[in-house]
Structure formats: structure tokens, C-alpha cells
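User: I am new to this structure and would like a close look at a single part of it. Please take your time and connect the details as you go.

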Amino acid sequence: MDFQSQRLYSPKYNKKRLNQEQVRLLERSFSANKKLEPELKLQLANQLGVPPRQVAIWYQNKRARWKTQSMELDCNTLQVKLENALSEKRRLEKDVKYLQEELRKAQETMFAMNNNQRANHHHHQQQQDQPLNYFVSCNSTGSSEEGGSSSFHEDHEVLQIDELYACLIGGDRSTWS
């Protein structure tokens, strides 16, 4: 039945604005069922005294508004997550810069100590026939937070960057992931 036929043959068809009570009933129904099944459409139309097509149109419009609101909420949620992620990124970048500077300082210290040791070693070799090998190493007495420190000792091993890092943070290299 087309629109004209429906208007001519349906005594119920008198498209009026829905009153507040009708809208409340439709809203309650929409809250329970976002999709309008044919049986529900007929039931609501009979309860409200409006044509089924008017119920269907109301549902269609309501679903469109609901989707728009839902997308706005999703967008706002994503915006907050993005702002948090950007804030965390800035904090991490700041931490990386700080750690890079600390690493640079540690490398300079290690370089200076190794150069000093080589000079001392060269001086000792000139004074003695038996060479002494001094290299930077890390005491196993604890981390720098516990009062541990790096020291000189005779062990024929040059401290590597990752070992220096372990020494500085007091960690065991074997536990690194």
C-alpha cells in the first residue's frame, strides 16, 4: 500500500506530532530494543494509536541520533586517550633525554678513567719490567643507591658499556630483558 492509499484507506492515519507520553513509551521501547521488529512496530502503533510507518520513522530517526551521540562519545573518549598518550610520549621523551645525558656523562667518565689508567699503566711499565693492568670495574658491594661505587683493580678486563650501565644502576646484566 503506497502513501496515498494509506492516507485514503486508513482511518487511523492522521499524522500528528507525538505527545510526551507517546514519546516516553517509544523511548522506553528504544532503550530495550534498538532494532524495531515488525511485531513490535505493530504493537507500538496500536498502543500509541499511530500508523506503523510513523513508529518506524520515529525509530529510524532515533537510531540515527543515537548513533551520532554514540560516535561523539567514542570520539571524546578517543580524544582523551590521545591526549593521555601524547602526554605520556612527552614524558618518555624527556626521560630518554635525561637518560641519554646520564649515559653520555658515564661514557665520558669511563673514557677519562680508562685514559688515566692507560697513562698510569704506561708509566708503571716504564718503571717496572712486570706490567700492571688497571681497568675500570664495578664493585659487587651494591648499587650506587646503596653506596656502591666503581673502583680500580687488577683483572685484565675492560668495562663494557652494558656492564657500566649495570654498575651505575646496580643491576645484574643477566636479568635484563
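In which helix do E88 and R91 both lie, and how many residues apart are they?

Analyst: This is a predicted model, and the answer is best read with that in mind. E88 and R91 both lie in helix α4, which covers residues 52-127, and they are three residues apart, about one turn of the helix.

To place that helix, it helps to begin with the chain. The chain has five helices and two strands, and from the N terminus on, its elements follow the order α-α-α-α-β-β-α. Buried residues account for 21% of its 177 residues.

Returning to the pair you asked about, the side chains of E88 and R91 meet in a salt bridge, with a distance of 2.7 Å from N to O. E88 counts as partly exposed because its relative accessibility is 35%, and R91 likewise counts as partly exposed, at 39% relative accessibility.

R91 also takes part in another salt bridge, in which its side chain meets that of D95, again at 2.7 Å from N to O. Because R91 and D95 are four residues apart in helix α4, about one helical turn separates them. D95 is partly exposed, with a relative accessible area of 32%. Taken together, E88, R91 and D95 are linked in a network of salt bridges, and R91 is the residue whose side chain meets both E88 and D95.

Within this stretch of α4 there is also a salt bridge between K89 and E93, whose closest N and O atoms are 2.9 Å apart. K89 and E93 both lie in helix α4, four residues apart, which is about one turn of the helix. K89 is partly exposed, with a relative accessible area of 47%, while E93 counts as partly exposed at 39% relative accessibility. The structure as a whole holds eight salt bridges, and those described here, E88 with R91, R91 with D95 and K89 with E93, are among them.

For a contrast with these partly exposed residues, consider S29, which lies in helix α2. S29 counts as buried because its relative accessibility is 9%, and, leaving aside neighbours within four places in sequence, S29 is in contact with L40, L44 and Y59.

Notes. Residues numbered from 1 in each chain as written. Predicted model: local features only at pLDDT ≥ 70, side-chain atom pairs only at ≥ 80, totals over all residues. Heavy atoms only, no water. Buried < 20%, exposed > 50% of the residue type's maximum accessible area, 1.4 Å probe, protein only. Contact = heavy atoms within 4.5 Å. Salt bridge = Lys/Arg side-chain N within 4 Å of Asp/Glu carboxyl O.
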